[in-house]
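Q: Please look at the structure below. The questions that follow ask how each label is earned.

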Amino acid sequence: MTDDHPTDEPLHESSDTPTPDEVAVTGVAVATEPGDDSGDASTRGGAMTAMGVVVAWVDSVLPSQPTDDARAAIDELIPTGDGQREYVARFCALIALSSSIAAFGLLADSGAVVIGAMLVAPLMTPIMGAAAAVVTADNRRLVRALLIIALGTFLAILVGWAVSLIAGGSVIDVRALPQEIRSRTFPGLLDLGVAITAGAAGGYIQPRRSAIAALPGVGIAVALVPPLATVGITFELGLTTESRNAFLLYLTNLAAIVFSAGIALLLSGFRPHADSRRGVLRKRLLVTLFAVLLVAIPLARHTRSVIRDLRLQSSVVKAVEVWDPDARIVEIEADVANGEADIELLIVSRGDPEPAWALAERIRERFGGPVSLSVLYQGDQHFVVEAR
Amino acid sequence: MTGTTRRRLMLVALLGAMVLWLWQCTSAFDRGEQGEAIDVFGPWLGDDAEAFAAVLADFTDRTGIQVHYTGSNDFDSDLRQRITRGIGLPEVAVIPQPGLIAELYARNLISPLADDTIDAIVENYPFTRQDLAPDGIAFLMPYRTNVKSLVWFRPDVFEEHDWAVPDTLDGLHDLVDEIGESDIAPWCFTIAAGSSTGWAASDWIEDLMLRRAGPETYEQWMLGALAFTDEGVREAVAEFDELVLAPGRTVGGAQRILGERVEDAAGPLFDDPPGCAMYRQANFATNWFPDGTDVGPDGDVDFFVLPGTNADPAPLLRGGDGLIQFIDREEVDRLMTFLAGPDGADAWIERGGYISNRDTIEIDDYAEADRPFVELLHERRTERFDASDSFLSEIRDAWLASITSFIADTGRLDDLAGLDDLLASVDQVRLDLIAELQAAPSEDLGIDADAANTGDDVGG
């Protein structure tokens, strides 16, 4: 391990001042000093506790410095100086093309085309750049990356809107949107899980040139441009709620990716560039913390609502089991909004349907609040019931 | 304790707090029931259910008695199923069909209203005790009424095309022809409603029959005393066919008529450009309009009363929801008395969507959007209750199924071939039922007068 950051050392001289690495990992407090990997937990505050042992073990396992190659791979994400103009031009062209492919694919309800659009999308670079800038508390890079992301976001929505203006006529009934579009207007926990793991994969792969072949897969998994195209399309069709939901999906994906990619980069050894002047350092750390908070708030809100939805969903599944043991749930959609449960079920079973109102009452007992339930039985009988 | 340890402990505390917060966010799932709640069952859904739940919450605040309301779009078949399969009846039911009440009464399932409830009705409604309970016993509590003969339209669209609101039925036919020449279909109309599919078509036919055949003939039909093969019924169906079902008359054609729920019928009226120009439905249709729809001559949508044969004020078709109780329990009696009393609809009136013929509510007390309907009630036009809701279930089912199958089979009543057979088959159900009832002790079931009088009371 090279020690090309000697300025790391002074930071450890005073243990009462939060060191950047400690704050940036929100308490994981990994050691950054070369040679500090010997597990000498006894010299630390947590020496006597089990946690102290765990921390010491983590310290010993994690790399404390990225390699030069890894650092270069991250630095090259957003070129500076002469290359910058060319980069921005290329970025704009790719985002416009990608969003336009995505929008046509969405309108045509073609999953394959939408995947194609994800491969063309260039958003991954500024997002990884932003994650790296957050981790290394590099404000200038962070601002640049965020500006490029904002530009890309605006452009992708604009292109989605324009494509819908031209080809939106293919959506005959705006209340019957293509499945590819509809699925992007209901953000759920699975989307969040995909974003977090894909972001982590991005953060892991980006500094490792040997693994770079896996990056397109991350681009597909992350899928940021299709939600943006959906924002543009739904906005053009006058569906403001759907538009807002798709934008929320994008924002939470963005937040989750920056967050998990940041963690992955941290684990790869990226740390704030230390500065001799403590005031400047503190300011950078504040910006980093602010960025993390900014990411954490929509994430927490989102997680809270999806956990509620998931608990409702499991209540529904259990209630259906008791209601009709032969019933099989083919499709389920369950949301909690304003304390009320809104459930749509597609159910197949044997014989005549059990009364839907009885199911609604069972769900109400488990859920503890008003329930609005729509049951499509065997695909042809439709029951709408409410239990308050 | 060093700073690092302190920070680690804070992290643990923070993580713990987040877990607790998430737990708390979802803890609504674990709230248990307290006491024995009253179980109310009815057809109201959506805004209606929410507003009624607010009324019930008002009752709970005052008395501490919990009440649960369950609503179903397949309400009448659900209620019958509860009886036939012995699933257990609710304690209170909201019933829009006097015919169904007559049946439940005949089966001895309804519990009489408490004296206090009867007093509350007499104090708040234009009924005397003699009207309500000639022998001291009453079973039905009137609650909400509605006006059915309304045609909704968009003033901006009418103005743009220079269409005028017609003042006679013939004028309406001319207007429909005129609209048919534009890109807009004259009507929004759908009928899917679970086991009650077809009621929206029946309402149309009833409105036309009430106008063409006159209130007396209509009433005979409503009471089950007029054959379905009567010329009055036949002509009403034929006129409905010509006005609404003929090709190009309804947006989406037969497929949409049969496939979309009644509640979703008006959607295309609000599209831009609109898919249809008019939509005939009761005042409660405002619940199904898009959120924020402004009703009135200068608003997004306005209405006119389906015109009569001449320019005089046309008769009104009315509907209504009454409450019955299946059990004699003190808490249930208190709920019924509260609902009949002066505050028994306050929360609903405040939210809008509630009108009634209570004489203790001034017109200014109603929500602004509901006042035009109340004014209509105050105009003292000729009024008749919804006939299909007054039919006994078997007749009602046969009638609604026949109308539905006609639309399904032909897309319209093709040259009206088969209409006579259809009406004859429904009438056979009526005749069989009458024969059956005559064989049974006559006081068991009042097929005509009793059922019908009950019906009038629901609407008030």
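A: Two residues are in contact if their C-beta atoms, placed from the backbone, lie within 7 Å. This is a predicted model, and in its chain B, residues 24 or more positions apart account for 79% of the contacts with a separation of 6 or more.

Q: What makes up the secondary structure of chain B, and what share of its residues is buried?
A: Chain B has 19 helices and ten strands. Of its 460 residues, 47% are buried.

Q: How do you know whether A:Ala356 is buried or exposed?
A: A residue is buried if 20 or more other C-beta atoms lie within 10 Å of its own. A:Ala356 has 26 C-beta neighbours inside 10 Å, so A:Ala356 counts as buried. This residue lies in helix H15 (residues 356-367) of chain A.

Q: Which residues does A:Ala356 touch, not counting those up to four places away in sequence?
A: They are A:Leu373, A:Val375, A:Phe383, A:Val385 and B:Ser72. A:Leu373 is 17 residues apart from A:Ala356 along the chain, and their C-alpha atoms are separated by 8.1 Å.

Q: Why are H5(A) and H6(A) called roughly antiparallel?
A: Helix H5 (residues 82-107) and helix H6 (residues 111-120) of chain A pack at an angle of about 170°, with their axes 8 Å apart. Angles over 145 degrees count as roughly antiparallel. The two helices therefore earn that description.

Q: Which residues make this contact, and how do they divide into nonpolar, polar and charged?
A: H5(A) contributes residues including A:Leu94, A:Leu97, A:Ile101 and A:Phe104. From H6(A) come A:Val113, A:Val114, A:Gly116, A:Ala117 and A:Val120. The residues of the contact divide into ten nonpolar, three polar and no charged. Gly counts as polar here, and A:Gly105 and A:Gly116 are among the residues of the contact.

Q: What makes a set of residues a nonpolar core?
A: The members must be buried residues of listed nonpolar types, joined through C-beta atoms within 7 Å. The largest nonpolar core has 125 residues, and those touching the most other members are B:Phe52, B:Met141, B:Trp152, B:Cys188, B:Cys276, B:Tyr279 and B:Leu335. Helix H9 (residues 199-212) of chain B gives the most to this core, with eight residues. At least three residues come from each of domain 1 (38-147 + 319-385) and domain 2 (150-317 + 391-443) of chain B.

Q: Which residues is B:Tyr279 in contact with, leaving aside neighbours within four places in sequence?
A: B:Tyr279 is in contact with B:Trp152, B:Trp187, B:Cys188, B:Ala265, B:Ala266 and B:Leu269. A second, separate core has 65 residues, including A:Ala102, A:Ala133, A:Val159 and A:Trp161.

Q: What makes the backbone at B:Asn108 and B:Asp162 worth a remark?
A: Most residues other than glycine have a negative phi. B:Asn108 is not a glycine, yet has a positive phi of about 60°. B:Asp162 has phi near 65°, also in a residue other than glycine. B:Asn108 is in the loop between helix H4 (98-106) and helix H5 (115-124) of chain B, and B:Asp162 in the loop between helix H7 (155-161) and helix H8 (169-180) of chain B.

Q: How do you know whether B:Asn108 and B:Asp162 are buried or exposed?
A: A residue is exposed if 12 or fewer other C-beta atoms lie within 10 Å. B:Asn108 has 8, so B:Asn108 is exposed. B:Asp162 has 7, so B:Asp162 is exposed.

Notes
Residues numbered from 1 in each chain as written. Chains lettered and ligands numbered in written order. Predicted model: local features only at pLDDT ≥ 70, side-chain atom pairs only at ≥ 80, totals over all residues. Axes fitted to C-alpha atoms, helices over the stretch in contact; angles between N-to-C directions. Helix = DSSP H or I, 4+ residues; strand = E, 2+ residues; numbered from the N terminus. Parallel < 35°, antiparallel > 145°, perpendicular 65-115°, else oblique. Domains from an automatic or database assignment.
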